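Welcome, and please load the model in your viewer. We will go from one selection to the next and look at what is there.

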Amino acid sequence: MEDSHSQQQQPPQVSPMKIDGAEEDQILSNSSVLTRREVLTRRLRRVKQLSRCYRRHYWALMGEVKTKYREYCWTYGKSPFKEDEENPNGVVLGETGNATENNEDFIRCAFSGCKSKAMALTRFCHTHILSDSKQKLYRGCTAVAKNLPTGPSYCNKPVLRSTVPCACPTHYQLGEKCLLRALKRAGYNVPVNSKPSPKLHELVPEFVRQIQNKRKALRKATLPKPETE
C-alpha cells in the first residue's frame, strides 16, 4: 500500500518534444553532402516548430502573469470590500476568507477615513499615495478641474511621473477631444475614433489663440470695475 501511495504522488514525467520531420532527418544523417534546398527546408521546418514552441510558452506565461497580477491586486491593491467580515466568534476574516488575529497581511490606508488596502511598500492606497512624502513615483494631475475666485483648482489625481502629459486618464481623453474640436475649427477633418496627429503648423495657431484668450481673461480680471454713483 505504501509503495502504491508513493507511486501516485510522483509528478508526471514530461515527454521530450518530438522534432518535426525527424524521420527525414534520420535518412539524411548518413549523407556526407546535402543540397542547398535540403538544408534550407530543414532549417525552415525547425524554425517554424521553434516559433510555435515559443508562442505556446509566451501565452502560458501571459496566463500565469495575469493570475499573479490578480493575486497581487487582491492582496496589496484596492479591494471591493471596505470592511472586514467578522464571524460569530469575533475572529476577523481577511479578504481571502482566512482567519487572521493580527491582520498584519492586510494593512489599511493611513489616510484618515480611508478603508482601502495600502499599496506595497507604503502606508497609503493608490488614491491617497500623494500623501506619502517619501514616494517618488507619482505626482498630481496638473489639469484644471475648476476655476474658483481664489484661483484654479487642479485635479491632483495620482499619475506616474513618467506620464506625458501629466494628466489622469479622464483629463487626457478630455484633452484629445478638445484637440479634435480645435482641428475641426481649423478645417481639418479627423475621424472621431482615431488619435489626432496634427502637424506643428496646425498646433501653433491654436496655442496662440488659447494664450491670447488667457491673457484677455487675466486682463479683464485685473482691471478695476467702474464705480457707479
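Helices and strands are DSSP runs numbered from the N terminus, a helix having at least four residues and a strand at least two. With that in hand, select P165: this residue sits in the loop that runs between β6 (158-160) and α4 (169-185). Keep in mind throughout that this is a predicted model.

**Stop 1: around P165.** Add C141 to the selection. P165 and C141 are 24 residues apart in sequence, and their C-alpha atoms lie 9.1 Å apart in space. Is P165 buried, exposed or partly exposed? Its relative accessibility is 44%, so P165 counts as partly exposed.

**Stop 2: the whole chain.** Now show everything as a cartoon. You should find 5 helices and 6 strands. Walking from the N terminus, the order of elements is α-α-α-β-β-β-β-β-β-α-α. The chain has 229 residues, and buried ones make up 19% of them. Switch on a surface if you like: the chain exposes about 19500 Å², with carbon and sulfur atoms supplying 56% of that area. As for contacts between residues at least 6 apart in sequence, 28% join residues at least 24 apart.

**Stop 3: colour by confidence.** The mean pLDDT of the chain is 76, and 73% of the residues score at least 70. Where is confidence lowest, and where is it highest? Strand β2 (residues 92-93) is lowest with a mean of 44, while strand β3 (residues 138-140) is highest at 93. Then select residues 79-103, where pLDDT stays under 50. For this stretch the model has 35 contacts beyond four places in sequence.

**Stop 4: the salt bridge.** Select R52 and D20 and show their side chains. The structure holds 1 salt bridge, and these two side chains form it, at 2.6 Å from N to O. The pair links distant parts of the chain: R52 belongs to helix α3, whereas D20 is in the loop between α1 (2-9) and α2 (22-28), 32 residues away in sequence. Partly exposed means between 20% and 50% relative accessible area. R52, at 36%, is therefore partly exposed, and D20 is partly exposed as well, at 30%.

**Stop 5: Q49.** Stay with helix α3, which spans residues 36-76 and contains Q49. Which residues does Q49 touch, leaving out those up to four places away in sequence? They are M17, K18, I19 and D20; the last of these, D20, is the salt-bridge partner of R52 from the previous stop. Q49 has a relative accessibility of 8%, so this residue counts as buried.

**Stop 6: two rings.** Select Y58 and W59. The structure holds 1 aromatic pair, and Y58 and W59 form it in an edge-to-face arrangement, with 5.1 Å between centres and 75° between planes. Why is the pair edge-to-face? Planes over 60 degrees apart count as such. Check the accessibility of each ring's residue too: Y58 is partly exposed at 44%, whereas W59 is exposed at 55%.

**Stop 7: a nonpolar patch.** Finish by selecting L200, V204 and V208 with the surface on. Together these residues form a nonpolar surface patch with about 270 Å² of accessible area. L200 is placed in helix α5 (residues 200-222). With 65% relative accessibility, L200 counts as exposed.

Technical notes:
Residues are numbered from 1 along each chain as its sequence is written. This is a predicted model: local features need pLDDT of at least 70, side-chain atom pairs count only at pLDDT 80 or more; totals for chains, interfaces and linings use all residues. Side-chain values use heavy atoms; hydrogens and water are left out. Rings of Phe, Tyr and Trp (its six-membered ring) pair if their centres lie within 6.5 Å; planes under 30 degrees apart count as stacked, over 60 as edge-to-face and the rest as tilted. Buried means under 20% relative accessible area, exposed over 50%, partly exposed in between (1.4 Å probe, protein chains only). Contact means heavy atoms within 4.5 Å. Patches are made of residues with over 30% relative accessible area and no salt bridge: like charges are joined within 9 Å, nonpolar side chains (Val, Leu, Ile, Met, Phe, Trp, Tyr) within 5 Å. Accessible areas come from the Shrake-Rupley method with a 1.4 Å probe; for residues, only the protein chains shown count as cover. A salt bridge is a side-chain nitrogen of Lys or Arg within 4 Å of a carboxyl oxygen of Asp or Glu. pLDDT is the predictor's confidence in each residue, from 0 to 100.
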